[in-house]
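This briefing is meant for a reader who is meeting the structure for the first time. Please keep the sequence and the model in view while reading the points that follow.

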Amino acid sequence: MPSNFDPKLIAGNANPPLAEAIARRMTVHRGVQVKLVDTRVERFSDGEIFVEVFENVRGEDMFVIQPTSNPANDNLMELLIMCDALTRSSASRITAVIPYFGYARQDRRTKARTPISAKLLANMLITAGVERVLTMDLHAAQIQGFFDIPVDNLYASPIFALDINHIFGNKIDQLMVISPDVGGVARARELAKRVDAPLAIVDKRREKPGEIAEMIIIGDVKDRICLIVDDICDTAGTLCKAAEVLKNKGAKEVHAYISHGVLSGPAVNRIINSVMKSLVITDTIKPTKEALEAKNIRIIPTAPIFAQAILNIWNGTSVSSLFEAETLIPIYETIHMPK
C-alpha cells in the first residue's frame with residue numbers, strides 16, 4: 001500500500017543521468033514535480049565512502065537508484081552505505097533500484113573452492129536494510145531466489161520489440177533472432193515470439209576459458225536479417241565473432257540487441273570495426289563517451305519503464321503488467337527511436 005508520503009528518489013554516482021531521467025518521467029506520469037533527494041556522496045583521501053542525506057526521510061518510501069556497474073565495488077559500497085544511512089534515518093521502506101545487477105554472472109559454483117558472489121551480494125543488501133529490489137534482466141533468473149525479500153525483475157525484450165517493429169517494420173518477414181549461446185535460448189525465444197520471427201542458435205565450443213575454438217550455427221540464416229539477443233556485452237569478442245560467422249553463413253545484415261552494455265576494454269573499437277550494422281543497448285549502465293560517439297551503437301532509454309515500475313510499487317499495483325509491449329506503448333510513445 002502507498003505510504004502517507006510521496007515516493008522519494010535518491011541516487012549514487014553510478015548513473016546520474018538515468019536517475020534524473022527517471023525523476024523527470026515520474027514528474028510527467030504524476031503531474032507533480034519529483035526531484036532527487038539532496039545527498040552528498042564523497043570519498044575520503046583513502047577511498048572510504050561517506051554519505052550524508054540533507055532531507056528528512058523519516059517514514060518515507062525511499063527508492064535508491066544505483067546500478068552496480070564499473071567500478072563495481074565502489075558503486076556497490078555506495079549503494080550499501082546509502083541504504084544504511086536511510087535505515088538509520090527511519091525511512092519507512094527502502095527499495096534498491098539496481099538497473100544493472102553486478103556479480104550476477106557469479107550465480108553458481110563452476111568449480112571447487114569458488115564463491116557464489118551473487119548470493120553474498122543479496123545478503124549484504126538485506127543487511128543494509130533493503131526491503132525490495134527492482135532490477136532489469138538478471139543474468140540468471142534464479143538469483144531472485146537468493147533474496148528473502150521481493151525482487152521485481154523487469155525485461156528489456158518488450159522495449160526491444162517496440163524498437164524492432166519501428167526499425168524493421170517493412171522487413172519483419174526477413175528477421176531471424178539469434179541466441180549467441182545455448183544458455184541464452186530462453187531469452188532469445190522470448191523476443192522471437194514478440195516479433196514473430198524464427199530462432200537460430202550459435203553453438204560455441206571452447207578449448208579453454210576465454211578462447212573460442214569453433215562456432216556452429218544451428219539454423220539457416222542465409223538472406224536473413226539476424227538479430228543477436230543477449231543480456232550482457234562485456235568485451236564484445238564473442239559478439240563480434242558471432243556476427244562474423246553469421247555473415248559468412250549468408251546473413252544479409254547482422255544487428256545486436258543487448259540489455260546491458262558493459263563495453264569494457266576494447267569493446268567499442270571491436271564493435272565499430274565489426275560487420276555488425278548496429279548494436280542496440282539500454283542505458284542501465286552509464287554509456288561512455290566512446291559508446292555515445294560510435295556510429296553503429298544506439299542507446300534505448302529505460303527511464304520510462306523504471307519510472308512506471310517505481311510508481312506501481314509505491315501504489316501497490318502490478319509490476320508484471322510492464323512485461324507486455326502493449327502496456328509500454330503509451331509510456332514510450334513520446335520517445336524518438338530513429339530509423
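V34 touches L9, A23, M26 and T27, leaving aside residues up to four places away in sequence. The model is a predicted one, and the points below begin with V34 and Q66, then turn to the chain as a whole and to further individual sites.

**V34, between α1 and β2**

- V34 sits in the loop that runs between α1, residues 16-30, and β2, residues 39-43.
- With a relative accessibility of 9%, V34 is counted as buried, because that value lies under the 20% cut-off for buried residues.
- Although V34 and S45 are 11 residues apart along the chain, their C-alpha atoms are separated by 34 Å.

**Q66, between β4 and α2**

- Q66 belongs to the loop between β4, residues 61-65, and α2, residues 72-88.
- The relative accessibility of Q66 is 0%, and so this residue counts as buried.
- Two polar partners can be named for the side chain of Q66: the backbone nitrogen of A14, which the side chain reaches at 3.2 Å, and the side chain of E78, to which it is joined by a polar contact of 3.1 Å.
- When residues up to four places away in sequence are not counted, Q66 touches G12, N13, A14, N75, E78, L79, M82, V97, I98 and P99.

**The chain as a whole**

- The secondary structure of the protein chain amounts to 10 helices and 14 strands.
- The radius of gyration of the protein chain is 20 Å, close to the 20 Å that the globule rule gives for 339 residues, so the chain is as compact as a globular protein of that length.
- Taken along its principal axes, the C-alpha trace of the protein chain spans about 60 × 50 × 35 Å.
- Of the 339 residues in the protein chain, 52% are buried.
- Among the contacts in the protein chain with a separation of 6 or more, 65% are between residues that lie 24 or more positions apart.
- The accessible surface of the protein chain is about 15,800 Å², and carbon and sulfur atoms account for 49% of it.
- The protein chain carries 39 positive and 40 negative charges, and the mean positions of these two groups are 4 Å apart.

**Backbone features in the loops**

- The peptide bond leading from N70 to P71 is cis, with omega near -5°, and P71 is placed in the loop between β4 and α2.
- D223 is not a glycine, yet it has a positive phi of about 65°; its place is in the loop between β10, residues 211-218, and β11, residues 225-233.
- A236 likewise has a positive phi, in this case of about 70°, although it is not a glycine, and it is found in the loop between β11 and α6, the latter covering residues 237-248.
- A236 has a relative accessibility of 4% and therefore counts as buried.

**Helix α4**

- Nine of the 11 residues of helix α4, which covers residues 157-167, are buried, so this helix is largely enclosed by the rest of the structure.
- The buried residues in α4 are S157, P158, I159, F160, A161, L162, D163, I164 and I167.

**Sequence separation and distance in space**

- P266 lies in the loop between β12, residues 253-261, and α7, residues 267-272, and with a relative accessible area of 38% it is partly exposed.
- P266 and V133 are 133 residues apart in sequence, and in space their C-alpha atoms are 32 Å apart.
- A21 lies in helix α1, where it is buried, with a relative accessible area of 14%.
- A21 and F306 are 285 residues apart in sequence, while the distance between them in space, from C-alpha to C-alpha, is 9.7 Å.

Terms used. Residues numbered from 1 in each chain as written. Predicted model: local features only at pLDDT ≥ 70, side-chain atom pairs only at ≥ 80, totals over all residues. Heavy atoms only, no water. Helix = DSSP H or I, 4+ residues; strand = E, 2+ residues; numbered from the N terminus. Buried < 20%, exposed > 50% of the residue type's maximum accessible area, 1.4 Å probe, protein only. Contact = heavy atoms within 4.5 Å. Polar contact = N/O pair within 3.5 Å; in protein donor to acceptor, adjacent residues only side chain to side chain. Rg over C-alpha atoms; globule rule 2.2 N^0.38 Å. Areas by Shrake-Rupley, 256 points an atom, 1.4 Å probe, with all protein chains shown as cover. Lys, Arg positive; Asp, Glu negative; His and termini not counted. Charge placed at Lys NZ, Arg CZ, Asp CG, Glu CD.
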